[in-house]
Amino acid sequence: MTGTEGGVDVGEATAPVVAVVGVVGTLLSALLTQRAADRGRRREQERAEEVREGRRHAQELRACYVALNTSARQYLAALTDQVHALGREEELPAARQRLTEARDQYRDVYAEAQMRLPDRVLGLAGGLSHDLGAVYGMVRRLDDGTPRAGDSPAAVRENIDELWGRLRGMRREMRSQPGGFRADSGR
């Protein structure tokens with residue numbers, strides 16, 4: 001046997017097949033490499049987007065913390081001003097207006113905070129909000145001349161002092177939450 005069957009040399013027949021397989025293999029290798037690179041780029045883009053989303057969420061949460069803290073401070077200051085203005089008719093209209101504005105602002109900020117705050121902070125904010133409303137009621141009854149048993153300027157001032165302390169506690173909790181401000185972050 002000479003290696004030919006029907007006039008075709010086996011070596012001659014396998015050479016084109018080997019060449020075709022080599023070319024196809026090279027093309028498939030390049031295609032698979034490209035697909036793997038594309039998948040890697042997509043994963044990297046997804047990771048980068050997750051990081052951006054996390055930063056955006058943290059910024060929004062911080063803004064919510066700042067707004068809640070600021071509005072609670074203004075509300076407490078307005079309550080204090082209103083108590084000081086009791087009995088001084090010339091100061092009452094401005095104090096009433098400031099208290100109304102501070103209360104309205106706090107309610108708006110608190111309503112948004114209810115949708116964003118982590119449960120632990122929301123629990124503290126909810127208790128603070130409830131008690132701010134109770135002190136507001138005492139102040140309004142004193143201003144209207146219809147106090148209930150236990151309503152007095154001294155009781156209001158005592159409650160306000162206690163609420164300042166609770167606000168400080170809520171701020172500490174906000175700082176300790178993910179996305180909160182860290183006291184040791186250097187910012």
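The paragraphs below lead through a predicted model, from its nonpolar core to its surface, its salt bridges and its aromatic rings.

A natural place to begin is the interior. In soluble globular proteins, nonpolar side chains tend to be buried together. In this model the largest nonpolar core has 33 residues, and within that set L68, L79, L117, L132, V156 and M170 touch the most other members. The elements that give two or more residues to this core are four helices, namely α1, which runs over 10–85, α2 over 92–116, α3 over 119–144 and α4 over 153–176. Of these contributors, α1 gives the most, with 10 residues. One member, L117, can be followed outward to its surroundings: once its neighbours within four places in sequence are left aside, L117 is in contact with L61, C64, Y65 and L68, and also with L122 and A125. L68 therefore appears twice in this part of the picture, since it is among the core residues that touch the most other members and is also one of the contacts of L117.

Nonpolar residues are also found on the outside of the model. V20, V24, L28, L31 and L32 form a nonpolar patch on the surface, and together they have about 450 Å² of accessible area. L32, one of the residues of this patch, is found in helix α1. Its side of the story is a simple one, because a relative accessibility of 54% places L32 above the cut-off of 50% and it counts as exposed.

The charged side chains offer another way through the structure, in which a search of the whole model finds 17 salt bridges. In one of them the side chains of D38 and R41 meet, with 2.3 Å from N to O. These two residues are 3 residues apart in helix α1, so about one helical turn separates them. Neither end is fully covered or fully open, because D38 has a relative accessibility of 28% and counts as partly exposed, while R41, at 44%, counts as partly exposed as well.

A salt bridge of similar description is found further along the helix, where R56 pairs with E53 and the closest N and O atoms are 2.3 Å apart. R56 and E53 are likewise 3 residues apart in helix α1, so that about one helical turn lies between them. Here too both partners count as partly exposed, R56 at 36% relative accessibility and E53 at 35%.

The salt bridge between D151 and R141, with 2.6 Å from N to O, takes the reader to another part of the chain. D151 lies in the loop between α3 and α4, whereas R141 lies in helix α3, so the pair ties together parts that are 10 residues apart in sequence. What the accessibility values say about this pair is that D151 is buried, at 13%, and that R141 is buried too, with a relative accessible area of 17%. Salt bridges that share partners also join several residues into one network, which is made up of E53, R56, E60, E112 and R116. Two of its members, R56 and E53, are the pair already described in helix α1.

The aromatic rings complete the tour, and the structure holds 2 aromatic pairs. In the pair of Y75 and Y106, the ring centres are 5.5 Å apart and the planes stand at 45°, so the pair is tilted. This pair links distant parts of the chain, with Y75 in helix α1 and Y106 in helix α2, 31 residues apart. Both Y75 and Y106 are buried. The other pair, formed by Y106 and Y110, is stacked, with 6.0 Å from centre to centre and 5° between the planes. Y106 and Y110 both lie in helix α2, where they are 4 residues apart, about one turn of the helix. Y106 counts as buried at 2% relative accessibility, and Y110 counts as buried at 14%. Through these ring pairs Y75, Y106 and Y110 are linked into a cluster.

Y106 also has a contact with a residue of helix α1 that is not aromatic, for S71 lies in helix α1 and, apart from its neighbours within four places in sequence, is in contact with Q105, Y106 and V109. With a relative accessibility of 1%, S71 counts as buried.

Terms used
Residues are numbered from 1 along each chain as its sequence is written. This is a predicted model: local features need pLDDT of at least 70, side-chain atom pairs count only at pLDDT 80 or more; totals for chains, interfaces and linings use all residues. Side-chain values use heavy atoms; hydrogens and water are left out. A nonpolar core is a set of buried Ala, Val, Leu, Ile, Met, Phe, Trp, Tyr and Cys residues joined through side-chain atoms within 4.5 Å. Buried means under 20% relative accessible area, exposed over 50%, partly exposed in between (1.4 Å probe, protein chains only). Contact means heavy atoms within 4.5 Å. Patches are made of residues with over 30% relative accessible area and no salt bridge: like charges are joined within 9 Å, nonpolar side chains (Val, Leu, Ile, Met, Phe, Trp, Tyr) within 5 Å. Accessible areas come from the Shrake-Rupley method with a 1.4 Å probe; for residues, only the protein chains shown count as cover. A salt bridge is a side-chain nitrogen of Lys or Arg within 4 Å of a carboxyl oxygen of Asp or Glu. Rings of Phe, Tyr and Trp (its six-membered ring) pair if their centres lie within 6.5 Å; planes under 30 degrees apart count as stacked, over 60 as edge-to-face and the rest as tilted.
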